[in-house]
Amino acid sequence: MIDSMQEVLTAADADASPRARLARLILSKRFQHGVTALILLNAVTLGLETSDSIMAAWGGPLVALDHLLLWIFTAELALRIYAFRGRFFRDPWGIFDLIVVGIAWAPASGPLAVLRALRVLRVLRLVSVVPSLRNVVEAMLAALPGMGSIVLLMALIFYVFGVMATKLFGDVMPEQFGDLGTALFTLFQLMAMDDFGNVVRQAMEHVPLAWLFFFPFTILATFVVLNLFIGVIVESIQTLREQRESADARAAQVATEAARSEAHLDTRMLLQEIRALRAEVAALRGAAPPVRE
């Protein structure tokens, strides 16, 4: 069975144009796994370049390997553009790969030299290569419109608690709550649990009941609002998965109906040919001369 499928694919490739055969090669699992391995290798080399001792011993080979990988990624993009033509530029992930690889070609000196530090962005190409990572990013982007109300709720919570903190602790803790901007920054630190204990203890030294302010804020900001963000993203991932499963099911149903229609059409044509043959045989029998005894 596998051999017959390979023969069919080989025959199809022989009849297809070079661009179509190249597209099939690029979309194959082996090619994608090879690109993934090269991206991981590049991630390792970029990490090793941050070590002075390693660069002192292996700096030359690492730089040469980095340039080689950059040429390979550039060639891979050129092949994708040749194979897919306009469809490549209509794919957001293709544009992302093009920008990431293009940044690596920035000159090492001059005003654009700072872009060389962004070479590590090539590691992010794993997102466009690995389907599971790509699905997560697409789900997060799809969830952005639904996050607007949550962002507004968080902004209201921060504003209300920021004004309250400025009024309550601005005089006794001016470095943390002296004005509204400083208070908002401190509250953001508390939401991230950064130095939470020290800030609350210091506030309680001046206001013993200060915990009645900080605990509700932490519960609202950290455990409620952030969980709402997570819930929206999880729902978006589930919706995207259901949409793709529905699309695959519709595609399979269309293919099945097309196969049935083609089989029905073949059956009708076969019946018509049989009727025509019967008519010809009947006509031949009627035209044949009688047999003399």
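This passage looks at a helix pair, a salt-bridge network and one further helix position in a predicted model.

The helix pair comes first. Two packed helices are described by the angle between their axes and the distance between the axes. Here the pair is α3, which spans residues 29-48, and α4, which spans residues 52-84. Their axes come within 9 Å and cross at roughly 150°. An angle over 145 degrees counts as roughly antiparallel, so α3 is roughly antiparallel to α4. As for handedness, the crossing in which α3 passes α4 is left-handed.

On the α3 side, the contact is built from F31, V35, L38, I39, L41, N42, T45, L46 and L48. Facing them from α4 are I54, M55, L62, L65, D66, L69, I72, F73 and E76. Sorted by character, the residues of this contact come out as 14 nonpolar, two polar and two charged. E76 is one of the α4 residues in that list, and E76 also turns up in the salt bridges, which are next.

Four salt bridges are found in the structure. One of them pairs E76 with R125, with 2.8 Å between the closest N and O atoms. This pair links distant parts of the chain, since E76 sits in helix α4 and R125 in helix α7 (residues 125-129), 49 residues apart. Neither end is out in the open: E76 is buried at a relative accessible area of 7%, and R125, at 0% relative accessibility, counts as buried too. The cut-off behind that label is a relative accessible area under 20%.

A second bridge runs between R80 and D97, whose closest N and O atoms are 3.0 Å apart. R80 belongs to helix α4 and D97 to helix α6 (residues 92-104), so the bridge ties together parts that are 17 residues apart in sequence. Burial shows up here as well, with relative accessible areas of 12% for R80 and 2% for D97; both residues therefore fall in the buried class.

D97 has another partner in R125, and the side chains of these two meet in a salt bridge at 3.4 Å, N to O. Again distant parts of the chain are linked, this time R125 of helix α7 and D97 of helix α6, 28 residues apart. Because salt bridges can share partners, E76, R80, D97 and R125 are joined into one network.

What else does D97 touch, leaving aside residues up to four places away in sequence? Besides its salt-bridge partners R80 and R125, D97 touches L77 and S128. T74 offers one more reference point for D97: the two are 23 residues apart in sequence, and their C-alpha atoms are 9.8 Å apart in space.

The last stop is Q176, which is placed in helix α10, covering residues 174-177. Is Q176 buried or exposed? With a relative accessible area of 18%, Q176 is buried, since the class takes in values under 20%. Leaving out residues up to four places away in sequence, the residues that Q176 touches are T182, A183, T186 and Q202.

To recap, α3 and α4 cross at roughly 150° in the predicted model, with 14 nonpolar residues in their contact. E76 of α4 is part of this contact and is also joined with R80, D97 and R125 in one salt-bridge network.

Definitions and conventions. Residues numbered from 1 in each chain as written. Predicted model: local features only at pLDDT ≥ 70, side-chain atom pairs only at ≥ 80, totals over all residues. Heavy atoms only, no water. Axes fitted to C-alpha atoms, helices over the stretch in contact; angles between N-to-C directions. Helix = DSSP H or I, 4+ residues; strand = E, 2+ residues; numbered from the N terminus. Parallel < 35°, antiparallel > 145°, perpendicular 65-115°, else oblique. Left-handed = near helix turned anticlockwise from the far one by under 90°. Contact = heavy atoms within 4.5 Å. Nonpolar A, V, L, I, M, F, W, Y, C, P; charged D, E, K, R; others polar. Buried < 20%, exposed > 50% of the residue type's maximum accessible area, 1.4 Å probe, protein only.
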